[in-house]
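Please look over the sequence and the model below before reading on. The briefing that follows takes up one helix, then charged pairs, then aromatic rings.

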Amino acid sequence: MPAPLRLIHPAPAIAVTTLSAVLGAILLAQDGQPFGWRLALTVVAVAGSQLLTGATNDLADEARDRASGRLEKPLPAGAITRAGAWTVAVVGVGLQLAASIPLGLLALVLGVVAAASAVAYNAALSRTPFSPLPYLVSFGLLPAWIAAGVGVDLARLLPAMPLGALFAGAAHLANTLRDFDADAAGGSRSLAQLLGRGRTRALAAGCLVAVGLGVGAALIIGGAGPASLALGMAGLAAVAVGGLRERWLWYGILVAAVTWTAAWALATG
């Protein structure tokens with residue numbers, strides 16, 4: 001895989017950008033509006049933010065990655081220079097701003113705040129007890145950012161924002177478990193390190209179950225059909241099973257993200 005592509009963490013970048021495109025498409029379909037330039041620019045803006053986030057993450061972690069011999073990462077491996085990584089970050093900023101300005105002030109401000117929160121995580125907060133905070137901010141704002149970008153009423157997404165933030169915080173805790181030992185050896189004081197492995201896994205799983213129950217309640221109140229409810233239950237089952245074993249939790253989150261999004265899409269036509 002080319003170094004610039006590895007630098008931006010392609011899996012989460014593609015996932016966030018794709019889910020943003022799906023969310024925007026669902027909102028437009030609900031309003032009976034055609035997919036057009038606003039949706040395209042919104043997706044480009046989100047993609048730009050992901051370039052910025054991935055590049056600044058590897059730049060911030062370069063010294064620690066080099067010290068721990070993580071040669072699978074492009075900076076410590078010498079596959080890309082710091083100047084090259086900064087170029088990727090600047091391109092990401094440029095893409096986000098250029099795509100956001102035509103969408104209006106609200107979309108621009110929400111996107112900038114979400115991206116700035118992610119950069120703050122990379123630069124300062126990832127190794128502190130406040131490590132989940134940027135996830136709560138960035139992913140909590142994401143639905144509103146997409147709604148403002150495609151030009152639909154933000155009010156309909158207000159109930160989804162706390163659920164999105166809670167889901168993102170749980171995903172962050174689950175992700176920290178994957179690097180728990182390496183982070184401990186590097187002196188990290190993230191929330192997961194302070195809580196310990198067992199409590200971190202329990203907290204992540206508990207938050208995910210709460211999100212699943214919230215999704216189920218929303219589907220029932222909205223009169224969703226059996227297929228949507230089945231997808232919602234499948235996501236809830238995935239996180240419940242994932243909570244039983246640490247190595248299963250992350251995959252349970254991925255399954256839940258897909259099934260809950262599909263349940264919403266199906267319920268809203």
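Just after helix H11 comes Gly223, a residue whose phi is positive, near 75°. The model is a predicted one, and the points below begin with the helix that precedes this glycine before turning to its salt bridges and ring pairs.

**Helix H11**

- Helix H11 takes in residues 197-221, which makes 25 residues, and at 1.5 Å a residue it should span 36 Å; its end C-alpha atoms are 36 Å apart, so the expected span and the model agree.
- The buried residues of H11 include Thr200, Ala204, Ala205, Cys207 and Leu208, and further along the helix Val211, Gly212, Val215, Gly216 and Leu219 are buried as well.
- An α-helix has 3.6 residues a turn, so residues three or four places apart point the same way.
- The partners against which the buried residues of H11 pack are helix H8 (160-178), helix H10 (191-195), helix H12 (226-242) and helix H13 (246-267).

**Salt bridges**

- Side chains of opposite charge can pair when their charged atoms come close, and the structure holds 5 salt bridges.
- One of these joins the side chains of Lys73 and Asp58, with 3.3 Å from N to O; this pair links distant parts of the chain, since Lys73 sits in the loop between helix H3 (37-67) and helix H4 (74-77) while Asp58 belongs to helix H3, 15 residues apart.
- Both members of that pair, Lys73 and Asp58, are buried.
- Another salt bridge is formed by Arg82 with Glu62, whose closest N and O atoms are 2.5 Å apart; because Arg82 lies in helix H5 (residues 82-100) and Glu62 in helix H3, the pair ties together parts that are 20 residues apart in sequence.
- Arg82 is partly exposed, having a relative accessible area of 38%, whereas Glu62 has 10% relative accessibility and therefore counts as buried, given that buried means under 20%.
- Glu62 and Arg82 also belong to a network of salt bridges, in which they are linked with Arg66.
- Helix H11 takes part in a salt bridge too, for the side chains of Arg197 and Asp181 meet at 2.8 Å, N to O, with Arg197 in helix H11 and Asp181 in helix H9 (residues 180-185), 16 residues apart.
- In this pair Arg197 is partly exposed, with a relative accessible area of 30%, while Asp181 is exposed, with a relative accessible area of 54%.

**Aromatic rings**

- A pair of aromatic rings is described by the distance of the centres and the angle of the planes, and the count for this structure comes to 3 aromatic pairs.
- The rings of Tyr135 and Phe139 have centres 6.0 Å apart and planes at 20°, so this pair is stacked, planes under 30 degrees apart being counted that way.
- Tyr135 and Phe139 both lie in helix H7 (residues 133-150), where they are 4 residues apart, about one turn of the helix; Phe139 is partly exposed, with a relative accessible area of 30%.
- Phe167 and Trp260 have ring centres 6.0 Å apart and planes at 70°, so the pair is edge-to-face; Phe167 is in helix H8 and Trp260 in helix H13, 93 residues apart, and the pair thus links distant parts of the chain.
- Both Phe167 and Trp260 are buried.
- Tyr135 and Phe139 are also part of a cluster, which ring pairs form together with Tyr121.

Notes: Residues numbered from 1 in each chain as written. Predicted model: local features only at pLDDT ≥ 70, side-chain atom pairs only at ≥ 80, totals over all residues. Heavy atoms only, no water. Helix = DSSP H or I, 4+ residues; strand = E, 2+ residues; numbered from the N terminus. Expected span 1.5 Å × (residues − 1). Buried < 20%, exposed > 50% of the residue type's maximum accessible area, 1.4 Å probe, protein only. Contact = heavy atoms within 4.5 Å. Salt bridge = Lys/Arg side-chain N within 4 Å of Asp/Glu carboxyl O. Phe/Tyr/Trp six-rings, centres within 6.5 Å; stacked < 30°, edge-to-face > 60°.
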